[in-house]
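Colleague: I am new to this model and would like a close look at one part of it. Please start from a single residue and work outwards to the helices and strands around it, explaining the terms as you go.

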Amino acid sequence: MLDATLAEIGPLDEAAMAAAHDLHARLTKPAGSLGALEELSIRLAGLAGACPPPLPEPAAVAIFAADHGVHAQGVTPWPQEVTAQMVANFLTGGAVVNAFAGQTGATVTVVDVGVATPLAQPRVPAQRPGRSAPRLVSAKVRAGSRDMSVQPALTRDEARSAVETGIRVAHELLDSGAGILLTGDMGIGNTTAAAALIAAFTGIDPAEATGRGTGIDDATYSRKVAVVRAALARHVPDPADPLGVLAAVGGLEHAALAGFVLGSAARRVPVLLDGVSAVAAALAAAAFAPDAVGAMVAGHRSAEPGATAGLDRLGLLPIIDLGLRLGEGTGALLAYPVVASAVRVLHEVATFDAAGVSEK
C-alpha cells in the first residue's frame with residue numbers, strides 16, 4: 001500500500017495555478033490584497049488541477065493516539081494512563097477538539113494505533129444538534145512504542161504498518177465525502193518523539209528541537225533534551241530513510257500521521273497540519289515523497305520550537321500563531337475557516353467586468 005501511494009503523488013498542476021493567478025487579478029479587489037490567502041488558493045488550485053479548486057468541505061479531523069516507551073525516562077510528569085483517558089474524553093465529546101470541531105462542523109475520528117492502556121467502553125455522549133458523534137477506529141499495531149533511548153522504538157514492519165494505517169484512514173474519510181483532512185494526535189510523551197524526528201530530519205540540535213510539551217519544569221526539560229540526544233546518538237537515523245527514522249525514534253501516531261498526509265496527497269486533497277507531532281510526521285511524509293508538500297497546509301505555529309524549524313524546512317507558512325501547544329487537532333480546526341475562505345474567494349467574488357467595477 002505504501003509503495004502504491006507514493007507512486008500516486010505528483011507535482012502541482014502549473015496550468016491550474018496560472019489560471020488561479022489570472023483569476024485573482026480579475027477579481028474586484030486590488031491584486032495581492034489578500035496576501036498569503038491568494039498564494040494558498042493558487043496552490044490548492046494546483047493541487048486539485050482545477051481553477052477554482054473544490055471548496056474544502058466538509059472537514060474531517062483524525063486523532064491518532066498512541067503511547068511511548070520513552071515515558072519511562074521521566075520526560076513528562078503526566079501518567080501514561082492519560083492517553084487512554086483522553087481517548088475516552090474525545091469519544092464522549094468533552095475535549096477542546098470536540099468544541100472546536102462543533103464550531104466548524106468537522107467530524108472527529110479517533111484512531112487507536114498504539115494506546116498501551118486498554119480502552120474502557122465510553123459512555124454514550126450527549127448528542128448536540130447538528131453534530132455527528134465522534135467515532136473510534138481500532139487499529140492497534142502494538143501497545144505503545146519501545147523506549148527509543150534504549151532500543152529502536154518500532155521495527156520497520158511496525159512502522160510500515162502504522163504508516164499504512166494512516167493511509168487507510170485518509171482513504172476512508174475521503175471516500176465518505178471529506179473535502180479536507182485535518183491532523184490530530186494524542187499520546188503522553190509524544191513531543192519527545194516529535195523532537196527526535198524533527199532533529200533527525202532537519203539536522204538541528206536536539207535542544208533546538210525540544211520544547212516543554214505539557215509544561216515541564218527545568219529539570220524535566222533538561223532530562224528530555226538529554227534523552228532525545230542519547231536516542232539520536234544511539235541510532236544515528238538516516239533522513240534519507242524515512243521508514244528507518246520513524247522506526248528508530250518515532251511514535252506509532254507519528255508514523256500513522258505520515259501515512260495520513262501521504263494518503264491525502266495521493267488523492268490530491270489538502271491536509272491541514274496541527275502542531276509539532278503533525279510537523280514531525282509531515283517531515284517524514286516529505287522524505288517519502290517531496291511532492292507531498294504540495295498538499296500540506298500549516299494550520300498554526302506551535303509553541304514547541306521544533307515545529308517552527310520543521311515548517312521552515314518544509315517551506316510552509318502557518319496560518320495562525322496563538323502560542324498553542326495542546327495538540328488534538330485544535331490549531332488545525334481554528335485555521336480551517338481561513339483555508340475555506342481562501343478558496344471561496346475564487347468561487348464567489350465577482351470579476352471587474354461582471355460587477356461593472358472600474359479597474360485602476
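Modeller: Leaving aside its neighbours within four places in sequence, Arg313 is in contact (heavy atoms within 4.5 Å) with Phe201, Thr202 and Leu283. Before going further, please note that this is a predicted model, in which local features need pLDDT of at least 70 and side-chain atom pairs count only at pLDDT 80 or more, while totals for chains, interfaces and linings use all residues. Residues are numbered from 1 along each chain as its sequence is written, and side-chain values use heavy atoms, with hydrogens and water left out.

Arg313 itself lies in helix 13 (residues 305-314); helices (H or I, at least four residues) and strands (E, at least two) are DSSP runs, numbered from the N terminus. Along the chain Arg313 and Leu283 are 30 residues apart, and their C-alpha atoms are separated by 8.2 Å.

The number of Leu283 falls in the range of helix 12 (residues 276-288), and the axis of helix 12 comes within 8 Å of that of helix 11 (residues 252-266), with a crossing of roughly 60 degrees. Here the axes are lines fitted to C-alpha atoms, for helices over the stretch in contact, and angles run from 0 to 180 degrees between N-to-C directions. That angle makes helix 11 oblique to helix 12, on a scale where angles under 35 degrees count as roughly parallel, over 145 as roughly antiparallel, 65 to 115 as roughly perpendicular and the rest as oblique. The crossing of helix 11 and helix 12 is right-handed, a term used if the near helix is turned clockwise from the far one by less than a right angle, with left-handed used if the turn is anticlockwise. On the side of helix 11 the contact involves His254, Leu257, Ala258, Val261 and Leu262, which meet Ser277, Ala278, Ala280, Ala281, Ala284, Ala285 and Phe288 of helix 12. Sorted by class, this contact of helix 11 with helix 12 has 10 nonpolar, two polar and no charged residues, where Ala, Val, Leu, Ile, Met, Phe, Trp, Tyr, Cys and Pro count as nonpolar, Asp, Glu, Lys and Arg as charged, and the others, Gly among them, as polar.

Helix 11 also packs with helix 6 (residues 156-175), their axes being 6 Å apart at an angle of about 45 degrees. Helix 6 and helix 11 are therefore oblique to each other, and their crossing is right-handed. Helix 6 contributes residues including Ala162, Val163, Ile167 and His171, while Phe260 and Gly263 are among those from helix 11. In this contact of helix 6 with helix 11 there are 12 nonpolar residues, five polar and one charged. After helix 11, in the loop that leads to strand 5, comes Arg268, whose phi is near 60 degrees, a positive value in a residue other than glycine.

Phe260 brings us to the aromatic rings, for a search of the whole structure finds one aromatic pair. It is formed by Phe64 and Phe260, 5.3 Å centre to centre with 65 degrees between the planes, and is edge-to-face; rings of Phe, Tyr and Trp (its six-membered ring) pair if their centres lie within 6.5 Å, with planes under 30 degrees apart counted as stacked, over 60 as edge-to-face and the rest as tilted. The pair links distant parts of the chain, since Phe64 belongs to strand 1 and Phe260 to helix 11, 196 residues apart.

Strand 1 leads on to the sheet, an open one of six strands in the order 3-2-1-4-5-6 with parallel pairing. Strand 3 (135-138) and strand 6 (296-298) stand at the edges, each with a single partner strand, so one side of each has no neighbour in the sheet. From one strand to the next the twist averages 30 degrees. Two strands pair if DSSP finds at least two bridges between them, and strand 1 (residues 59-66) is joined to strand 2 (residues 107-114) in the parallel sense by seven bridges. Ile63, for instance, has Val110 in strand 2 as its bridge partner. Helix 14 (residues 330-348) packs on this sheet, touching strand 1, strand 4 (180-186), strand 5 (271-273) and strand 6, and its direction makes about 165 degrees with that of strand 4.

Finally, in the loop between helix 3 (36-48) and strand 1 lies Pro52, and the peptide bond from Cys51 to Pro52 is cis, with omega near 0 degrees.
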